[in-house]
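Visitor: I am new to this structure and should like to understand the terms used for it. Please show it to me, and then let me ask about the reasons behind those terms.

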Amino acid sequence: MSSETEIVRTTTWSAGPGCHGGCGILAHVRDNKLVKIEGNPDHPWNRGRLCARVLAMTQYTHHPDRLRHPLKRVGARGEGKWEPISWEEAFDLIEMRMKAIRDEYGPESMLFNSGTGRDIYPWICMLAYAYGSPNVMFGLSGSACYGPRLAAVNTVQGDFAVFDAAQWFPDRYDDPRWRRPECMIIWGYNIHATCPDNLFGHWIIDLMKKGTKIITVDPRLSWFASRSKYHLALRPGTDAALAMGFLNVIIQEKLYDRKFAETWTNARHLIRTDTGCLLTEAELVDGGDSANYVVWDAASGRPVVWDSAAADYRGEAPESPMFSGTCDLELVQGEKVTCRTVWDTFCAEVEQYPPERVEEISGVSAEVVAEAARYYAKSGPAAIHWGVAVDMTPALTPLVQALSCLWALTGNLDVPGGNVIARLAFDVAPYALPGSDGAIRLKSGEQDKPRIGRDRYLPLDKFYWRCSTDLSLDQIFSEDPYPIKGMWIQTAGIMQGLGMDPKKWRSALEKLDFVVAVDLFHTPTTQYADVVLPATTFLEKDSFRSWWVPLQTINKAMNVEECLPDMEINFELARRFDPDFRFETLHDLYDDILKPSGLTFSELQQKDWAYPPEGSSSCPYLRHEKGLLRPDKKPGFRTPTGRFELYSTLREQWGLEPVPHHEEPPFTPVSRPDLAKDYPLILSTGRRSPAFFHSEHRNIPWLRDIDPDPVVEIHPNTAAEHGIGNGEWMWVENWMGRARFKAKLTPVVPQWMIMAAHGWWQPEKEAAEPSLFGMWKSNINQLLPMGHQGKDGVGSPIKHSMCRIYKAGPEEV
Amino acid sequence: MAEKQRYGLLIDYEYCTGCFTCQVACQQEYGWPAGMGGIRVNEIVQNLPKGKAYLTYFPFPTELCILCKPRVKKGLEPACVKHCMAECMTYGPIEKLAEKMAEKPRMVLWAPK
């Protein structure tokens with residue numbers, strides 16, 4: 001008997017479209033079955049629009065291959081033999097095995113792995129912390145997606161910032177507070193293909209239609225590049241040199257906002273010329289604080305102390321604080337030193353990058369560098385937005401510093417149409433991310449001590465509460481300083497997506513005593529688990545989003561057999577692992593997390609979404625002037641000095657370079673001319689497909705139809721040199737291994753580079769080894785290394801390596 | 001006798017980003033199997049002088065496009081137009097669309113069967 005179609009308003013996030021979510025949808029459900037999805041025209045985020053992946057949900061929710069029952073492995077790992085078990089059996093088995101590991105080796109011996117921007121980070125942290133392990137791991141080498149950018153921006157600015165498409169206001173572009181960016185730099189970003197980083201990609205197309213001009217930084221001729229005023233086709237991995245070149249032009253030609261630099265940065269703080277370090281109050285006066293810095297008052301010829309905690313001068317502000325120049329001081333011990341300002345130190349580094357040198361490094365003509373820099377600086381307001389290419393290089397932090405300095409010094413920080421500070425809605429923080437502690441947290445500092453990489457990589461300690469992926473992998477083999485015995489992998493693909501060097505990951509998984517995978521379909525990763533649990537799509541769960549604005553709920557529309565939402569699975573196990581777990585139901589937990597908003601979960605469900613009002617720290621603009629960013633409500637930023645730091649005090653303390661600069665990545669023709677002889681082409685990976693979110697969706701017919709094969713984009717001239725025709729199968733190979741792709745001949749890539757699609761496996765192929773869903777033939781990560789993370793533990797060479805290519809033989813097709 | 005009013009789709013291919021929303025929106029609406037549907041997106045890379053190129057996407061209404069008559073009767077926009085993320089598709093009477101087309105370059109007007 002057929003019932004009426006029910007229309008459920010809800011919000012997308014992760015499993016299903018796979019993305020970082022945010023779109024308002026109307027789910028049409030009949031007899032507990034999804035019949036259609038329409039965009040919600042009233043939702044301010046997407047205003048009725050939707051992507052192909054959401055529109056294909058009817059092929060996803062009821063897919064014949066969906067996991068519908070918990071499974072227990074019965075053959076060897078990788079043999080693909082399973083037996084269905086009940087949830088009770090699954091929970092009991094997991095509880096017993098994980099408690100045995102905890103009893104024998106300690107809770108830190110379990111790793112908890114999640115994918116990128118997923119909705120489950122709070123819930124995986126909840127489980128890990130209830131179990132007692134601080135080792136929550138994002139599986140990319142150098143955690144090289146988004147988190148590092150967040151941490152790096154937080155280091156110098158105290159808060160993250162994104163381009164302004166009026167997403168802060170329910171009436172969006174009609175809000176009188178908003179201004180259209182005159183110019184936008186799109187830096188290593190094909191945002192409209194997958195909407196990463198909690199942004200709706202086509203907002204930029206909205207802006208372009210309203211007149212925003214685009215500068216694109218991308219080695220490929222992307223869609224944006226085709227429509228740009230300037231396209232800067234740089235050599236991958238030279239982004240920081242280009243950003244420094246922009247700063248060079250802007251400072252040389254005095255196109256920067258001097259007032260912002262004077263008032264809101266630490267430009268005037270003094271640096272000793274003998275040590276090259278910041279002069280602190282402790283060096284100047286007896287009993288002085290080493291966290292306080294010093295400014296020179298040219299009028300009185302005396303030093304004035306900058307009280308970092310107060311984010312202000314101690315006592316009277318200097319009449320004429322020195323911005324540029326040198327001064328001589330006598331220290332507490334009577335020692336005489338000469339100091340110069342942070343501004344001069346910063347400029348001395350920037351001077352190393354005139355456009356001509358930038359051209360030598362990056363391949364972008366000096367003239368274009370200078371013109372684009374001028375255009376950006378003279379456009380007001382202007383925004384920069386960056387993609388994962390920024391994270392996928394080991395020296396990402398200096399690069400992020402350079403880009404942050406660009407928006408700050410051009411007066412574009414937290415202004416309408418500029419780079420606007422993005423905060424969790426109403427400061428609702430479910431779990432620890434850079435800049436917030438979160439409601440879900442470890443019980444004590446003691447529990448955090450064994451977190452892998454915490455003591456070695458200080459940014460991880462301060463801003464990025466994850467373990468180091470690279471060190472964790474090493475530790476599985478070395479068991480030093482303690483053994484890793486198990487892994488909980490939740491809607492993540494360490495084998496087919498996240499993991500570089502997947503053969504090494506396979507060996508690691510083989511070595512572990514106990515592996516649980518939670519997913520919606522079998523994947524290459526689930527083949528290495530002992531227990532596989534069936535999770536749900538966003539349509540089958542109650543949840544919420546506070547990732548920036550608005551605050552909104554995800555509302556359950558249906559269920560699919562025995563599948564359980566991630567948070568329900570983790571909630572049940574958290575209760576079993578932690579006798580002190582304080583919540584009776586998930587809704588109790590949601591209410592607790594949502595407290596700062598003044599709304600309960602059910603109240604928020606009734607409203608659909610809530611935007612923070614003017615005067616809230618999550619509502620722009622110019623919050624540093626209004627005292628809305630710091631806990632003490634003083635004007636300034638949430639940094640150690642209260643100022644945007646052109647010279648990073650934290651990086652100085654950490655023994656890392658405090659000012660932005662370029663470092664040549666490890667595997668380029670410049671750093672490794674020896675390898676370039678055998679591997680003459682630059683290998684770049686990860687160009688986005690609108691059909692897939694990373695390794696997902698290869699099994700959804702409408703989506704696979706859009707992008708049926710693993711492809712390598714190759715320039716027609718390069719292909720001709722290698723005798724490769726369009727659509728022919730070819731091998732991409734380097735010193736680590738090889739993978740097979742279909743050649744797509746296109747002039748969108750330069751002749752010296754190929755672009756290999758990532759995340760490829762073929763769900764239609766044999767699950768068991770040696771096929772592993774065809775992954776060993778088409779996973780490009782086999783050519784990319786683990787263990788080359790940046791000096792600060794984050795960033796990794798994923799967007800730039802080296803390779804050679806050749807046509808596949810007929811027997812290999 | 002008055003001619004029957006004909007309707008069409010105006011597509012601004014300057015802003016079509018190749019998101020394939022229209023293609024899948026149509027497949028969802030009518031349950032077409034993969035490989036079939038009322039609109040297909042094509043990629044056209046235009047080679048230009050001096051080694052330059054211009055990347056274009058171009059949604060093509062097929063023999064199966066019925067301009068979403070059942071939706072339009074209910075007062076809804078065609079599924080492709082409604083969901084298009086670049087908002088580069090307009091549905092309407094051909095004369096009206098032709099007027100709109102005069103206002104901006106890089107447009108194409110389709111009148112499916």
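**Strands, sheets and an interface**

Guide: In this predicted model, strand 21 (residues 514-519) and strand 22 (residues 531-534) of chain A run parallel and are joined by 4 bridges.

Visitor: What makes strand 21 and strand 22 of chain A a pair?

Guide: Pairing requires at least two bridges between two strands. Strand 21 and strand 22 of chain A have 4 bridges, so the requirement of at least two is met. One position may be located on the model: A:Asp519 stands opposite A:Pro534 of strand 22.

Visitor: To which sheet do these strands belong, and in what order do its strands lie?

Guide: They belong to an open sheet of 7 strands in chain A, with the order 5-4-22-21-20-6-7 and mixed pairing. From one strand to the next, the twist averages 20 degrees.

Visitor: Why are strand 5 and strand 7 of chain A said to stand at the edges?

Guide: Strand 5 (82-84) and strand 7 (136-138) of chain A each have a single partner strand, so one side of each has no neighbour in the sheet.

Visitor: Which strands of chain A form the open sheet whose pairing is parallel?

Guide: That sheet has 4 strands, in the order 11-10-9-18. Strand 11 (230-232) and strand 18 (382-386) of chain A are its edge strands, each pairing on one side only. The twist here averages 15 degrees from one strand to the next.

Visitor: How do you know that strand 10 and strand 11 of chain A are paired?

Guide: Strand 10 (residues 213-217) is joined to strand 11 of chain A by 3 bridges, and at least two are needed, so the two strands count as a pair. In one of these strands, strand 11, A:Leu232 is the bridge partner of A:Val217. Helix 9 (residues 239-252) of chain A lies across strand 9 (183-187), strand 10 and strand 11, at about 160 degrees to strand 9.

Visitor: Why is the link between A:Asp705 and B:Arg40 called a salt bridge?

Guide: The closest N and O atoms of A:Asp705 and B:Arg40 are 2.9 Å apart. The cut-off for a side-chain nitrogen of Arg and a carboxyl oxygen of Asp is 4 Å, so the name applies. Across the interface of chain A and chain B, 7 salt bridges are found.

Visitor: Which elements of chain A give two or more residues to the side that touches chain B?

Guide: They are strand 3 (33-39), helix 1 (52-55), helix 7 (203-209), helix 8 (223-226) and helix 27 (701-704) of chain A. By class, this side has 19 nonpolar, 8 polar and 9 charged residues.

Note on methods:
Residues are numbered from 1 along each chain as its sequence is written. Chains are lettered from A and ligands numbered from 1 in the order in which they are written. This is a predicted model: local features need pLDDT of at least 70, side-chain atom pairs count only at pLDDT 80 or more; totals for chains, interfaces and linings use all residues. Side-chain values use heavy atoms; hydrogens and water are left out. Ala, Val, Leu, Ile, Met, Phe, Trp, Tyr, Cys and Pro count as nonpolar, Asp, Glu, Lys and Arg as charged, and the others, Gly among them, as polar. Axes are lines fitted to C-alpha atoms, for helices over the stretch in contact, and angles run from 0 to 180 degrees between N-to-C directions. Contact means heavy atoms within 4.5 Å.
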